[in-house]
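Thank you all for making time this morning. I would like to take you through one structure, beginning with the overall picture and then turning to how some of the helices pack.

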Amino acid sequence: PAAAPAAEAVAVPAPTPQPAAAATSYNYTTTNEAPAAAPAPAAGPADPEDLAAAEKEQLKGIILFTRVLNLGLSIAVITHSILYFVGLPKSPKLWVLSIYSLLGGCLICCLETQLKWIRTTIALNFGFLFDPSLRFMFFLLMASVEWSLNSIFSMILAGAFVGVAFYNTYILFKYPAYRKLRDELAKEEDARIQKKMRKQIQKEATKSMFASN
C-alpha cells in the first residue's frame, strides 16, 4: 500500500528565554584584625616662648664656654709673659713685647670677669673689645706679639689667639643678643655677690656686738 503523506509540519514558536536571576552570594568572613587606629593629629606650631627660652639657655652655655676659653687663654698669656720677662731676654725689644703681652692678657682677663665696675671701666676705655671686628683685630695683634717672642709656647699661644679670634667674631655676629644677655648675667652675679657681702657684714657685726658685751 502507498505510504501515508507526511504530516505537514507545524511551526511552533520557540519559547523566549527568561533572564536568569542574578545569583547573590554573601561572603561572611571574620577577621581577627584590630580596627585601624585613628591618625594622630598634626603637631601644631611650637610656642614662641618655649623657643625663646631654649635659645636663651643655649646662649647661656655659649657665653659660659666663651668666657672659659678667653680666661684660659689670658691666664696662659699672663703666665708666659711673666716667666719670659723674669728670664731676662737678651733683646730689650723682647722685654717690651713681653710687657705688651702681659697687659693684653690682663685686659682680656678683666673683660671676662663679671664684676660690674671692672666691665664698666673697660667699656669706657677699651670699647673696641665690644665690637666684633675690632676685637678680631686686637686678637690678631696679640697673636703677632706672641709670635714675635720666638719661643715654642708663644707660637702655640699665637695659633690659639687666631683660633679664638675667629670663634669670638663668629659668636658675636651670629648672636646679636650675646652682649645683652651677658650683661644681664653679670648683673645677676653682681647681685649675688652683694647679697653674700651683706650677709657677711651682718654676721661680722653681730659677732662684734656680742663680743663687746
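What follows is a walk through the chain as a whole, then the helix pairs, and then a few individual residues.

I should say at the outset that this is a predicted model, and I will try to word things accordingly. The secondary structure of the protein chain comes to 6 helices and 0 strands, and if you read along the sequence the pattern is simply α-α-α-α-α-α. The chain has 213 residues, of which 27% count as buried. If we take the contacts with a separation of 6 or more, 69% of them are between residues 24 or more positions apart in the sequence.

Let me turn to the packing, for which the usual description of two packed helices is the angle between their axes together with the distance between those axes.

I will start with α2, which covers residues 92-111, and α3, which covers residues 116-125. Their axes come within 9 Å and cross at roughly 125°, and these two helices are therefore oblique to each other. On the α2 side the contact involves L107, C110 and L111, and these meet I118, R119 and I122 of α3. Sorted by class, that contact of α2 with α3 has 5 nonpolar residues, no polar ones and 1 charged residue.

The helix α2 also packs against α4, which runs over residues 132-148, and here the axes come within 9 Å and cross at roughly 145°. The crossing of α2 and α4 is left-handed. Among the residues that make this contact are L94, L97, Y100 and I108 of α2, with F138, F139, M142 and V145 included on the α4 side. In this contact of α2 with α4, the residues divide into 10 nonpolar, 4 polar and 2 charged. You may notice that L107 and L111 of α2, which touch α3, are also listed in the contact with α4.

Moving along the chain, α4 and α5 pack at an angle of about 175°, with their axes 8 Å apart, and that makes α4 roughly antiparallel to α5. The contact of α4 with α5 has, by class, 17 nonpolar, 3 polar and 2 charged residues.

In the loop between α4 and α5, where α5 spans 152-174, we find N150. The phi of N150 is near 60°, which is a positive value in a residue other than glycine, and N150 is exposed, with a relative accessible area of 56%.

Now to the cysteines: how many disulfides does a search of the whole structure find? The search finds 0. Why is C109 not bonded to C110, its closest cysteine by sulfur position? The two sulfurs are 5.8 Å apart, which is too far for a bond, given that a disulfide would need the sulfur atoms within 2.5 Å. Likewise, C110 is in no disulfide, since the nearest cysteine sulfur is that of C109, at that distance of 5.8 Å. C109 is partly exposed, with a relative accessible area of 22%, and C110 also counts as partly exposed, at 32% relative accessibility.

Finally, I would point to I82, which lies in α1, the helix of residues 48-86. I82 is partly exposed, with a relative accessible area of 40%. The C-alpha atoms of I82 and L102 are separated by 7.1 Å, although these residues are 20 positions apart along the chain.

Note on methods:
Residues numbered from 1 in each chain as written. Predicted model: local features only at pLDDT ≥ 70, side-chain atom pairs only at ≥ 80, totals over all residues. Heavy atoms only, no water. Axes fitted to C-alpha atoms, helices over the stretch in contact; angles between N-to-C directions. Helix = DSSP H or I, 4+ residues; strand = E, 2+ residues; numbered from the N terminus. Parallel < 35°, antiparallel > 145°, perpendicular 65-115°, else oblique. Contact = heavy atoms within 4.5 Å. Nonpolar A, V, L, I, M, F, W, Y, C, P; charged D, E, K, R; others polar. Buried < 20%, exposed > 50% of the residue type's maximum accessible area, 1.4 Å probe, protein only. Left-handed = near helix turned anticlockwise from the far one by under 90°.
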